[in-house]
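Here is a small set of exercises to work through with the structure open beside you. Try each task before reading the solution under it.

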Amino acid sequence: MKKLLFPLGISLFCITARSQENQYVVYSIKGNVNIVVNNVESKAKIGTVITNGSTIKVPQGSFATLICNETRAFSLTKPGNYTTSSLKDSCKVGSGSLSSNYMKYVWNEMTKPKGSPEKNRKNYMSNVGAVSRSINNVWIDPKLDTVNYVSGTIPLSWKAFTEAEEFEFKLFDKEAAETPVHSKLVKKKHVDIKDLLNVIKPGKTYYWSAMVKDEDNEDRKMLKYWTKEDYALYYNQLQAPVGASETDAEKNFRLAFVLEEAHFVGEALNHYLKATQLAPENIFYRSTFMSFKKDYELK
Amino acid sequence: MKRPFHKHIVHHTKRYTKHLTKYLYERDTIFATLSVFIFLILLGMIPINFYVLNPMKMALKDFDFNDIAYAKAHKDDNIKGDDRIVIVNSGILDRAEIGFLLEKVNEYKPKVIGLDIYFEGEKDPQKDSILREAFRKTKNLVAVSVAYPTEHEFKIKENYFDDVLPKRGNANLLGEEIGTIRQYTPFEKIGSQRYPHITSAIVKEYNDTAYKKLEKRHKEVETINYMRTVNNEDKKKYQVLEPEDLYNDNVDSNVLKGKIVLLGYINLDPNNIEDKKFTPMNHKFYGKQHPDMNGIIVQANIISMVLDANYIKKMPSWAAWVFALLIGWLHMSLYIRYYLEDHIWFHLVAKLTQVFSVIFFAYLGMIIYDKLKIRVDMKFTLYVIALAVDVIYFYEALVSWMHKKFGYTTIFGHHHAEHGHEQNPHHETTTQEHH
């Protein structure tokens, strides 16, 4: 019996040690990170203790840094739902003791190959005596610097200088904001403003950018979502008769031109279309309409 | 008949121990060891820094073997964060914004707020008055001051808001201008009064028992026991909050309640060196490097140390010298054995011993520092080991001259007569004769 007690004790100790629960505390958050405990979802705050069995929800564009067992910090940067059990590996701290780490260091230093720039060029060529000004792999037409949106389907488009399969579209509420209010991965090189209507609110200004997935692009373009009322006030001013008499086609063409200049892309499109329909024989109206559609990639 | 393995080990251990101790009690070994110390003392008495153009010496001037423990042996990996202290980053806020931030922090009911920002002179009257009002309202605030030396004593620089900041402490840290910060003074004599360090003033408000312990130590200078840092990677040993975290209600109320809040500048970008200090936790522990730790984290480390009474004891100088003497003596005995008996191997053995002794004694010092919190100065020991080889030649020449002149008996006498031969076939006889 006594013989059995010892291995039994050891096994129990091992099981207890293995089943010891990790404790997580939220260290920092960006965006809207939520924690689900017993099917109740609440906003994560700095200092929130995450108990075992909880789920951490990290949406696109957000991230959270957690501390495990008051020792190890790690970040959840990719969107997704993380259960505490899936985070176990992040709690592992350096396994080596002070002595073994010291011995490893001594050994590595003693066995580090010696060399000179003449004999081993590769080891000495990592210093670059110049600043880096990399190009963006994504280019957004300056025409889209400002887009005033009221209604319609207007694509926010870009061009890519690389054969990327996926692009990231980010929408910010401030020009210098670090965290986007909305971001999505797309395979096409445009995002329709119509698809953002559940995110953007009338009367507010937003900034958007597009980048190759996992790259950065600091170039931000403005998107202003006008309220119908504000636009009506502006539009009525344009309606005022001009000195010379004009036909309906001419009036529509004039309004389209002014609206294009004022970056009301959707509204300009409507008026160019009307002008073309009212004067189908006018080649200038037609070519302008076609160019406009091509420039803004409108359908 | 083949010898059993364990006897084989015992036999060789005895053989090598004999190498080490054969000449241990010889008069010449003791005198040669003492010569090393005399040489060291004489070197130390020279009032000129000969290393002025020695890049090696200059690079190692600020070097401490214990720094390897943090830099390369990951001593701090398993140390838990200190949740008694929270750092709020003031960033580059103006005076009015700092005033608002102070009020916001105080809403979370911390026990003490340590303000690690010094305000020199008057600026915008409107913004100044907002800050002044915030100071007036924050009763649990400990503010910072700066001590500066005059010809005879230290003085405190005037802070523009002194009249509304009754609790203050100086934030000075001991170290050369671009040197590693290893020490601080818990209390400094300013004029006729004992002026506290800001960390001492904060601890006084937070934990009177810990403060009294600090006072009772009566230490003019304390060595900082660095244990925690915050970086951009995996080290987040103190909670750092940004102002927007507080304003956007992203912080759990328990994070600051009843805690020490340090309000000051922190920037984790390694290329931003504003208010950054060199510390023993720097990844690069010698040569050219970047400062690694914001002043506010240094102060946090001091507070943690005082709260836990986790002080560093320093080995007294006499103990360091005695230790160096004993180790130097053993080395000298070994060197003399090879010098006299296997001269062909002498230099090889001496160099190998020096390398392994440096590795071993640096390790020993590090382990004692880590486990017993005693900072052992191994510098003298390593100097003695390094100098012993050269001193043997000098000593041999001296005693040979004394032998000729005064008939001084020495184990080197015979060796010197035979000099020119790499090996002395009569070495045993010489020793025997001497014995």
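## Exercise 1: a strand with two partners

B:G114 has B:L262 as its bridge partner in strand 12 of chain B. Keep in mind that this is a predicted model.

**Task.** Work out which strands pair with strand 12 of chain B, and in which sense.

**Solution.**
- Start from B:G114, whose partner is B:L262. Strand 2 and strand 12 of chain B run parallel, and four bridges join them.
- Now look at B:V88, which stands opposite B:L263 in strand 12 of chain B. Strand 1 and strand 12 of chain B also pair in the parallel sense, over five bridges.

**Task.** Is strand 12 of chain B mostly covered, or is it open?

**Solution.**
- Count the buried residues: five of the five in strand 12 of chain B are buried, which makes the strand mostly covered.
- Then sort them by direction. B:I260, B:L262 and B:G264 point one way, while B:V261 and B:L263 point the other way.
- In general, side chains in a regular strand alternate between the two faces of the sheet.
- Here both sets are buried.

## Exercise 2: the buried side of a helix

**Task.** Take helix 5 of chain B and find out which of its residues are buried, and what they pack against.

**Solution.**
- Get the dimensions down to begin with. Helix 5 of chain B covers residues 95–107, 13 residues in total, and reaches 19 Å from its first C-alpha to its last. That is close to the 18 Å expected at 1.5 Å a residue.
- Next, pick out the buried positions: B:R95, B:I98, B:G99, B:L101, B:L102 and B:V105.
- These residues cover an arc of only 165 degrees around the axis, so they sit on the same side of helix 5 of chain B.
- See what they pack against: strand 1 (85–89), strand 2 (112–115), helix 6 (125–137), helix 9 (243–247) and strand 12 (260–264) of chain B. Strand 12 is the one from Exercise 1.
- Finally, step just past the end of helix 5 of chain B, where B:K109 takes a positive phi of about 60 degrees.

## Exercise 3: an open sheet in chain A

**Task.** Which strands of the open sheet 4-1-6-7 in chain A stand at the edges, and why does each have a side without a neighbour?

**Solution.**
- Read the order of the four strands, 4-1-6-7, with antiparallel pairing.
- Strand 4 (49–50) and strand 7 of chain A are at the edges; each has a single partner strand, so one side of each has no neighbour in the sheet.
- Check the pairing of strand 1 with strand 6 of chain A: six bridges, antiparallel. A:Y24 stands opposite A:C68 in strand 6.
- Do the same for strand 6 and strand 7 of chain A, which are antiparallel and joined by five bridges. A:L66 has A:F74 of strand 7 as its bridge partner.
- Look at the hairpin of strands 6 and 7 of chain A: three residues lie between the strands, and A:N69 takes a positive phi near 50 degrees.

## Exercise 4: where the chains touch

**Task.** How many residues does each chain put into the contact, and which element of chain A gives the most?

**Solution.**
- The contact takes 21 residues from chain A and 25 residues from chain B.
- On the chain A side, strand 1 (24–30), strand 6 (63–68), strand 7 (72–76) and helix 2 (98–111) each supply at least two residues.
- Helix 2 of chain A gives the most, with five residues.
- By class, the chain A side has eleven nonpolar, seven polar and three charged residues.

## Exercise 5: one residue, and how far to trust the chain

**Task.** Is A:V186 buried, partly exposed or exposed?

**Solution.**
- Find A:V186 in strand 14 (residues 182–186) of chain A.
- A:V186 has 14 C-beta neighbours inside 10 Å, so it counts as partly exposed.
- Beyond four places in sequence, A:V186 is in contact with A:F167, A:F169 and A:V191.

**Task.** Which stretch of chain A has pLDDT below 50?

**Solution.**
- Chain A has a mean pLDDT of 84, and 90% of its residues reach 70 or more.
- The pLDDT falls below 50 over residues 12–19 of chain A, a stretch with zero contacts in the model beyond near neighbours in sequence.
- Where pLDDT is low, the predicted coordinates should not be read in detail.

Key: Residues numbered from 1 in each chain as written. Chains lettered and ligands numbered in written order. Predicted model: local features only at pLDDT ≥ 70, side-chain atom pairs only at ≥ 80, totals over all residues. pLDDT = per-residue confidence, 0-100. Contact = placed C-beta atoms within 7 Å. Expected span 1.5 Å × (residues − 1). Buried ≥ 20, exposed ≤ 12 C-beta atoms within 10 Å, placed from the backbone. Arc of directions from axis to C-beta. Nonpolar A, V, L, I, M, F, W, Y, C, P; charged D, E, K, R; others polar. Pairing = 2+ DSSP bridges.
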